[in-house]
Amino acid sequence: MRDIRRGQDPQIAAIKAVIATISPDILVLTDFDYDHDGLALSAFAETTGLDYTHRFSRLPNAGQPSGFDIDGNGRTGDARDSLGYGRFTGDGGVAVLSRYPFNQDGFVDHTAMLWRDLPDAQLPMAEGRPFLSDEVLKVLPLSSTVHWNLPVVVPQGQLRLLVFAATPPVFDGPEDMNGHRARDELRLWENVLDGQMGAIPEAFVVVGNANLDPLAGDGDRAAMATFLRRQDLSDPHPGQPNADWGTDGPGQLRVSYVLPSSDWQVVGAGTFWPDADMSEADSLSDQWDAVGPHRLVWVDISR
């Protein structure tokens, strides 16, 4: 809150510059810490200079204490013992800013769904036995942050945002707990779109960080590739990486997605890389290193 209000933090300034350049009507922010009254989100929305009068966020699973030693290191209370990785409640949440109002009467929240209750859940195993105890499975949700079905009232009617931010499929042990969880976080949307969890949504956009690249990196790449081939989806960014962890990390990967349903017409789409998309004279070029590894992914749609 202090850094947002002061307006002197280089990362916040760079992120706002990217947002102002693209100026999206609806913006999904991942890794945005949650506070109960939404003060930080409101302050950030106001400092963008854009007409984001409609703001949405709810408590994520990230950072909520589970009371159990989930990672099996003999201690409780670590970040990896939370319902979703987090050093404090609300750490690394998700938020939506919009020029258009939300229809919260039609909001469907899958965030609290237990991992064990997902059809065909791929629960982690260790040495031929379940890695997670029955006690843990009684409280552990599938979603590491959130899974929202959030309707937005747009000029063309109603658009449903299927919003999520999955766990990275790394930072675990031979049980591959995060790899299995990331796969199942994507499978939740497969079940929703297949009608296994209620009415099949129409006029939707799957948007968020799947933390899976269909071609490279860790995790179930084949699952991501299969999801992108769904007939009810459009993939406006085939083969476009949208994150860069440099040569000391996994390099450039495609981990974030904006995937409209096939009943929308894709008018334009892109992944914003200022180094390539802006002139050297532009001030944003000097700020770019401060933004962080993730690039802004955008799609223009119509009906």
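This passage describes salt bridges, the main nonpolar core and a few individual residues in a predicted model.

A good place to start is with the charged pairs. In total, 14 salt bridges are counted in the model. One of them joins Arg 99 to Asp 25, with 2.9 Å between the closest N and O atoms. This pair ties together distant parts of the chain, 74 residues apart: Arg 99 sits in the loop between strand 3 (94–98) and strand 4 (108–109), while Asp 25 belongs to the loop between helix 2 (10–22) and strand 1 (26–30). Arg 99 has a relative accessibility of 22% and therefore counts as partly exposed. Asp 25, with a relative accessible area of 36%, is partly exposed as well.

The loop that holds Asp 25 has another feature of interest. Ser 23 lies in the loop between helix 2 and strand 1, and its phi is positive, at about 50°, although Ser 23 is not a glycine. The relative accessible area of Ser 23 is 27%, so this residue is partly exposed.

A further salt bridge is formed by the side chains of Asp 117 and Arg 116, with an N to O distance of 3.9 Å. Asp 117 is partly exposed at 45% relative accessibility, and Arg 116 is partly exposed with a relative accessible area of 41%.

Turning to helix 5, the side chains of Asp 220 and Arg 183 meet in a salt bridge at 3.6 Å, N to O. Here too, distant parts of the chain are linked: Arg 183 is in helix 5 (residues 177–193), whereas Asp 220 is in the loop between strand 9 (204–209) and helix 6 (221–228), 37 residues apart. The partners fall into separate accessibility classes, since Arg 183 counts as buried at 9% relative accessibility and Asp 220 counts as partly exposed at 29%. Together with Glu 190, Arg 183 and Asp 220 make up a network of salt bridges.

Helix 5 also carries a charged residue without such a partner. Glu 185 is located in helix 5 and is buried, yet has no salt bridge. The nearest side chain of opposite charge is that of Arg 181, 4.6 Å away; the pair therefore falls outside the 4 Å limit for a salt bridge. Setting aside neighbours within four places in sequence, Glu 185 contacts a group of residues that includes Leu 142, Ser 143, Ser 144, Thr 145 and His 147. Phe 164, Ala 165, Ala 166 and Thr 167 are also among the contacts of Glu 185.

Just ahead of helix 5 comes a second residue with an unusual backbone angle for its type. Asp 176 lies in the loop between strand 8 and helix 5 and has a positive phi of about 55° although it is not a glycine. Asp 176 is partly exposed, with a relative accessible area of 31%.

The nonpolar residues complete the picture. In soluble globular proteins, nonpolar side chains tend to be buried together. The largest nonpolar core in this model has 28 residues, and those with the most contacts inside it are Leu 132, Trp 189, Val 206, Met 224 and Phe 227. At least two residues each come from helix 4 (134–137), strand 8 (157–165), helix 5, strand 9, helix 6 and strand 12 (256–260). Helix 5 gives the most, with six residues. Beyond four places in sequence, Trp 189 touches residues including His 110, Trp 148, Leu 162, Phe 164, Val 206 and Phe 227.

Note on methods: Residues numbered from 1 in each chain as written. Predicted model: local features only at pLDDT ≥ 70, side-chain atom pairs only at ≥ 80, totals over all residues. Heavy atoms only, no water. Helix = DSSP H or I, 4+ residues; strand = E, 2+ residues; numbered from the N terminus. Buried < 20%, exposed > 50% of the residue type's maximum accessible area, 1.4 Å probe, protein only. Core = buried A, V, L, I, M, F, W, Y, C linked by side-chain atoms within 4.5 Å. Contact = heavy atoms within 4.5 Å. Lys, Arg positive; Asp, Glu negative; His and termini not counted.
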